[in-house]
Amino acid sequence: MSVLVYVENTEGKFKKTVYELISYAKSIADLYGSQLTALSIGHVADDELKSLGRYGVSKILRVDSEQFKSFVNQAYASVIASAAKHTNANTVVISNSFSGKGLAPRVAAKLGAGLADGAIDLPTIDGNTLSIRKTAFSGKAYAITELTSAIKVIALTPNSYDVKENPTDSSIEDFAPENEEHDFDTIIKEIVRASDKITLPDAEIVVSAGRGLKGPENWGIIEDLAEVLGAATACSKPVSDAGWRPHSEHVGQTGIVISPNLYVAIGISGAIQHLAGVSSSKTIVVINKDPEAPFFKVADYGIVGDAFEVVPKITQAIKAYKG
Ligand SMILES: Cc1cc2nc3c(=O)[nH]c(=O)nc-3n(C[C@H](O)[C@H](O)[C@H](O)COP(=O)(O)OP(=O)(O)OC[C@H]3O[C@@H](n4cnc5c(N)ncnc54)[C@H](O)[C@@H]3O)c2cc1C
């Protein structure tokens, strides 16, 4: 019995959310009194792989061949399932990231496992039953899910668990997975980046704006703030519908669901459909001129004021602080 965690790399590097995921998986392994194995697919340098030991990984399985250079959903899912069988894992932990959302159900199906996706807490374990709190209805509610299957797959919401150091001696082992016949029927030939900006699903900080900005010509203050914070930019649905911003920035029930460390909402009312996409952000800051705006009810910090006055002042203050 052991716990397997799939560690996703971004161009050969691990992001902070990977260390959170490992810390979470290590806590589950401790609940079982078992070992934690990490699975890495694609090319990652040894030093980077070794960094996983700092957070409690005992063994790192490495799959680093030309075939797996680019992400292929069904092939990666087969590798994870194959590694789970190889390590006799009873629990597989995956990030509920953009790619994790595609992987977790596939892995669960391949292993005949129960799935808790969007988990936000450590589970409680009672015999073979694992109870876990997860988000439901696009983040509008929580559900307690009970998994009673022999193997369990948990997909953890990014930014919902703190990084905990747990220095452990770890070894790297090359792993030859078993793949299925049709795993490579669809492959990615080439990835062309739309821009060099930080992508929204990966961003730790997001600066987002709504109809309160009045028009696309006013987005300069949003981009300036995003730049000093090292943030990605997002927007509400009416803003992208009106063509003020690209649809790739639309967050919410019908857009991208994100959970950054910091979400700054400027001139956005906080309609339930918008909140569905951002409510699992760790810290929410709202800037709105209407003190009754619903967004303030879910804000950690709120500023009642005109965005056109407040936002440039915040940008200046951050620049001065950094300077
Ligand atoms: C089926 C369905 C799905 C939907 N999906 C989504 C979704 O995925 N994402 C989404 O965002 N919406 C979605 N919507 C739309 C949603 O209901 C709201 O209409 C939308 O989120 C409102 O966008 P907004 O807050 O930018 O605009 P508004 O509601 O017009 O709010 C603008 C806000 O700006 C403030 N403001 C105005 N001027 C200033 C100023 N100078 N300084 C500071 N604040 C100012 C106002 O006080 C107001 O609170 C959906 C709706 C439906 C029916």
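## Strand β14 and its neighbours

Val264 sits across from Val285 of strand β14 in this predicted model. That pair belongs to a parallel arrangement: β13, spanning residues 262–266, lines up with β14 through five bridges. If you trace the chain here, β13, helix α7 (residues 272–278) and β14 form a β-α-β unit, and its hand is right.

Strand β14 also pairs with β15 (residues 301–304), again in the parallel sense, with four bridges between them. Here Val286 of β14 has Gly302 as its bridge partner. How much of β14 is covered? Most of the strand, which covers residues 283–288: five of its six residues are buried.

## Around the ligand

Let's turn to the ligand. There are 26 residues around it, and the closest are Arg211, Ser236, Ser269, Gln273 and Asn288. Two elements from the section above come back here: Gln273 falls within the range of helix α7, and Asn288 is the last residue in the range of β14.

Some polar distances may be handy if you are looking at the ligand's N and O atoms. An N or O atom in the Asn288 side chain is 2.7 Å from a ligand oxygen. Asp306 brings a polar side-chain atom to 3.1 Å from a ligand nitrogen. With Gly212 it is the backbone that takes part: one of its N or O atoms lies 3.5 Å from a nitrogen atom of the ligand. Taken alone, the ligand has 990 Å² of accessible area, and the protein covers 76% of that.

## Helix α4

Helix α4 runs over residues 98–111, and its buried residues are Ser99, Gly100, Gly102, Leu103, Ala104, Val107, Ala108 and Leu111. Several of these are three or four places apart, as with Gly100, Leu103, Val107 and Leu111. An α-helix has 3.6 residues a turn, so residues with that spacing point the same way.

What do the buried residues of α4 pack against? Their partners are the strands β1 (2–7), β4 (89–95), β5 (114–119) and β9 (152–156), together with helix α3 (73–86). Just after α4 comes Gly112, which has a positive phi, near 60°.

## Thr157 in its loop

Thr157 is found in the loop that links β9 to β10 (171–174). Is this loop residue buried or exposed? Thr157 is buried, because its relative accessible area is 8%, under the 20% cut-off.

Leaving aside residues up to four places away in sequence, Thr157 touches Asn96, Gly118, Ala119, Ile120, Ser259 and Ser280. Of these contacts, Gly118 and Ala119 lie within the range of β5, one of the strands that α4 packs against.

Conventions:
Residues numbered from 1 in each chain as written. Predicted model: local features only at pLDDT ≥ 70, side-chain atom pairs only at ≥ 80, totals over all residues. Heavy atoms only, no water. Buried < 20%, exposed > 50% of the residue type's maximum accessible area, 1.4 Å probe, protein only. Pairing = 2+ DSSP bridges. Right-handed = clockwise from strand over helix to strand, strands pointing away. Contact = heavy atoms within 4.5 Å. Near = heavy atom within 4 Å. Polar contact = N/O pair within 3.5 Å; in protein donor to acceptor, adjacent residues only side chain to side chain. Areas by Shrake-Rupley, 256 points an atom, 1.4 Å probe, with all protein chains shown as cover.
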